[in-house]
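Dear colleague,

Here is the structure that I promised to hand over to you. Please open it beside this email, and then read on for what was found in it.

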Amino acid sequence: EIYGHVEWSQKCACRVVTSTVTEVCQMGCFDNSSEVCVNATEDQCSGNDLSWAARCNCEEVQIDSKTGEILSKSVAGSEGGEVNLYFSVPAFVVLFRESLEVVVV
């Protein structure tokens with residue numbers, strides 16, 4: 001008996017996953033001098049520093065090495081979003097009081 005359990009057995013179909021992370025980009029008009037994508041069609045994308053290339057809307061993709069299945073995606077260069085955090089004095093008082101009760105007991 002282990003920690004109250006009668007038997008110890010595998011309950012899931014667990015597997016070892018080896019994955020690779022690669023960057024996948026879409027075709028678009030890329031400005032080489034400022035290194036940003038420009039909102040232009042392929043026909044409009046002509047100029048000294050402009051090139052039509054797979055360098056826009058890039059995202060990092062984690063791929064299972066054996067099956068080729070996409071495990072996760074994340075936009076490359078993205079930062080965390082904004083969160084509104086609200087502070088409530090009554091809620092703080094209740095939490096503080098209950099934490100004291102835990103310490104006192």
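The link of Cys29 and Cys45 is right-handed, with 110° not its value but 80° about the S-S bond. The 110° belongs instead to the link of Cys25 and Cys58, which is right-handed too. Cys29 and Cys45 form a disulfide (a pair of cysteine sulfur atoms within 2.5 Å), and their sulfur atoms are 2.2 Å apart. This pair links distant parts of the chain, since Cys29 sits in strand 1 and Cys45 in the loop between strand 2 and strand 3, 16 residues apart. Strands and helices here are DSSP runs, numbered from the N terminus, with at least two residues (E) for a strand and at least four (H or I) for a helix.

Before going further, please keep in mind that this is a predicted model, in which local features need pLDDT of at least 70 and side-chain atom pairs count only at pLDDT 80 or more, while totals for chains, interfaces and linings use all residues. Residues are numbered from 1 along each chain as its sequence is written, and side-chain values use heavy atoms, with hydrogens and water left out.

As for confidence, pLDDT is the predictor's confidence in each residue, from 0 to 100. The chain has a mean pLDDT of 76, and 69% of its residues reach 70 or more. Among the elements of the chain, strand 2 (residues 36-38) has the highest mean, 90, and helix 1 the lowest, 73.

To return to the cysteines, both partners of the pair described above are covered by the protein. Cys29 is buried because its relative accessible area is 1%, and Cys45 is buried as well, with 10%. The cut-offs for these words are under 20% relative accessible area for buried, over 50% for exposed, and partly exposed in between (1.4 Å probe, protein chains only).

How many disulfides does a search of the whole structure find? There are 3 of them. In general, a disulfide is a covalent bond between the sulfur atoms of two cysteines.

Another of these joins Cys25 to Cys58, whose sulfur atoms are 2.0 Å apart. Here too distant parts of the chain are linked, with Cys25 in strand 1 (residues 19-31) and Cys58 in strand 3 (residues 50-64), 33 residues apart. Cys25 and Cys58 are both buried.

The remaining pair is Cys37 and Cys56, with 2.0 Å from S to S. Cys37 belongs to strand 2 and Cys56 to strand 3, 19 residues apart, and the pair links distant parts of the chain. Why is the disulfide of Cys37 and Cys56 left-handed? It is left-handed because the torsion about its S-S bond is about -110°. Cys37 counts as partly exposed because its relative accessibility is 36%, whereas Cys56 is buried, with a relative accessible area of 5%.

Some residues outside the disulfides also deserve a look. Glu35, which is not a glycine, nevertheless has a positive phi of about 55°. Glu35 is found in the loop between strand 1 and strand 2, and it is exposed, with a relative accessible area of 59%. Asn57, also not a glycine, has a positive phi of about 50°. Asn57 has its place in strand 3 and is exposed, with a relative accessible area of 64%.

Asp43 lies in the loop between strand 2 and strand 3 and counts as exposed because its relative accessible area is 75%. From C-alpha to C-alpha, Asp43 and Cys29 are 9.6 Å apart in space, and they are 14 residues apart in sequence.

Is Asp64, in contrast, buried or exposed? Asp64 counts as buried, at 2% relative accessibility, and this residue is found in strand 3. The side chain of Asp64 reaches the backbone nitrogen of Lys66 at 3.0 Å.

Finally, please turn to helix 1 (residues 89-104), in which Phe96 is found. Phe96 counts as partly exposed because its relative accessibility is 46%.

With best wishes

Methods
Polar contact = N/O pair within 3.5 Å; in protein donor to acceptor, adjacent residues only side chain to side chain.
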